[in-house]
Amino acid sequence: MNNRIFLSPPHMGGNEQTYINEAFQSNYIAPLGHNVDLFEQQIKDFTGAKYALALTSGTAAIHLALRVLGIKDGDEVMASTFTFIGSVAPILYERCVPFFIDSDTSSWNLDPDLLEEELAKRYAKGKKQPKALILTHLYGQSAHILRIKAICEQYGVHLIEDAAESLGATMAGKHTGTFGKMGIYSFNGNKIITTSGGGVLVSNDERLIAHARHLSTQARDAASHYEHTEYGYNYRMSNIIAGIGRGQMEVLSDRVKRRKEIFDLYVHELSTVPEIVFMPEIENSSGNRWLTTLLLPKHVSVETLRLSLEEHNIESRPLWKPMHAQPLFSNANGCINGISDNFFAQGICLPSGSSLRNEEVTRVASLIKQTLSLP
Ligand SMILES: Cc1ncc(COP(=O)(O)O)c(C=O)c1O
């Protein structure tokens, strides 16, 4: 049996261990320390965000975004339905009400027309607008962020960008995650770079990040006995973890380049199967191609292909099941057009790790062709 080909395994750059050792040598195992400061600086330098806060996860970053924007208790929050649960679970943490917006076929991400129609309709009827929109740039590809930002501004809706999967992706030369009021990145184990688990919250608003920083370490007011006027969380990234982040940031551009090469190779190898549709890249944007994702022709089910790759010890995964179709959200409202349901029914994520060799990509592609040609 060949070695297992994973969907998106960690790919270390080489210096991570050195930075972890620095933390050990200085005994800044905790709390915080040099690695955390430098990791946050690298994120700011890379993305252009003015302020950055390193946290335990991307989900924690979204939760803090809601907290510092004052969104809670029955407030309505709109969100992309085609996303991962971590984007929207914080809506429930804050006892808010989700409202899901479906995708379009041009970006596979949130459809700006649906958003605009819904907000305009509410405005015309004098109805309440949502407090925020959590917009996901899925699989590393930019959403129609310029239009979405303009719509949010027009109707006074806070824009929170979930760029968990899209670190390194840009629109009009600007990094995804830096358009909204706040943005988040994830460094979970399978992301384009990883800290084994972690997240970062970014914003150009100093006050918001300062408040999030306060909440992320149990909201301790300045007093030696720890005074508390509000409650916080234990969400701060450790100095050890940030050492991995420092090393990973050094190789981020290489990782983006390699993921794009892998995508191009899949496209090339599968060009003889015209019914396959790859996730698009919208005009003026540059995705990071975190995962190569595609829609299969109708005659082959995602599960058939997944199992046939699995027989060869190759990991693949269906596209995310949309949030509006999750039992957890069976009572939620939204603007649903069937597009993300179709993505879920026909779509698959292929192994895309930056350490994949070209021969491995070619082998996966030829197994796909074999499976598709079965009666
Ligand atoms: C789109 C999306 N949003 C949010 C998250 C949550 O990030 P984390 O796992 O770091 O909490 C993830 C990934 O895990 C994700 O893929």
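This passage walks through the ligand site, two small sheets and a loop with some unusual backbone in a predicted model.

The ligand is a good place to start. Its surroundings come to 15 residues, and the ones that approach nearest are Gly58, Thr59, Asp162, Glu165 and Ser186. In terms of character, the shell is made up of ten polar residues, three charged ones and two nonpolar ones. Two helices stand out as contributors: H3, spanning 58-68, and H4, spanning 85-93, each bring at least two residues to the shell.

Several side chains put polar atoms close to ligand oxygens. For Thr59, a polar side-chain atom sits 2.5 Å from an oxygen atom of the ligand. Glu165 does likewise, with a polar side-chain atom at 2.5 Å from a ligand oxygen. For Lys191, the distance from a polar side-chain atom to an oxygen atom of the ligand is 3.1 Å. The ligand on its own would expose 380 Å², and the protein buries 93% of that area. As for where this happens, the space occupied by the ligand is the second largest pocket.

Now for the sheets. One is an open, three-stranded affair with antiparallel pairing, and its strands come in the order E7-E6-E11. The edge positions go to E7 (174-175) and E11 (285-286); each has a single partner strand, so one side of each goes without a neighbour in the sheet. Strand E6, covering residues 170-171, runs antiparallel to E11, and two bridges hold the pair together. Within this pairing, Met171 has Ser285 of E11 as its bridge partner.

The other sheet is also open and has four strands, ordered E10-E12-E15-E13, again with antiparallel pairing. Here the edges are taken by E10 (277-278) and E13 (317-318), and because each pairs with a single strand, one side of each is left without a neighbour in the sheet. E10 connects to E12 (residues 292-295) through two bridges, with the two strands running antiparallel. One residue pair to look for in this stretch is Phe278 and its bridge partner in E12, Leu294.

Finally, the backbone has a couple of oddities worth a look in the loop that links H1 and H2. That loop, between helix H1 (16-26) and helix H2 (34-47), contains Pro31. The peptide bond joining Ala30 to Pro31 is cis, with omega at about -10°. Asn27 belongs to the loop between H1 and H2 as well. The phi angle of Asn27 is near 65°, which is a positive value in a residue other than glycine.

Conventions
Residues are numbered from 1 along each chain as its sequence is written. This is a predicted model: local features need pLDDT of at least 70, side-chain atom pairs count only at pLDDT 80 or more; totals for chains, interfaces and linings use all residues. Side-chain values use heavy atoms; hydrogens and water are left out. A residue is near a molecule or strand if one of its heavy atoms lies within 4 Å of it. A polar contact is a pair of N or O atoms within 3.5 Å; within protein, one must be able to donate a hydrogen and the other to accept it, and residues adjacent in sequence count only if both atoms are side-chain atoms. Accessible areas come from the Shrake-Rupley method with a 1.4 Å probe; for residues, only the protein chains shown count as cover. On a 1 Å grid over the protein atoms alone, a cavity is a set of points where a 1.4 Å probe fits but cannot get out, and a pocket is an open set with protein on both sides within 12 Å along at least five of seven lines; lining residues have an atom within 4 Å of a point. A molecule sits in a cavity or pocket if more than half of its atoms lie within 2 Å of its grid points. Ala, Val, Leu, Ile, Met, Phe, Trp, Tyr, Cys and Pro count as nonpolar, Asp, Glu, Lys and Arg as charged, and the others, Gly among them, as polar. Two strands pair if DSSP finds at least two bridges between them.
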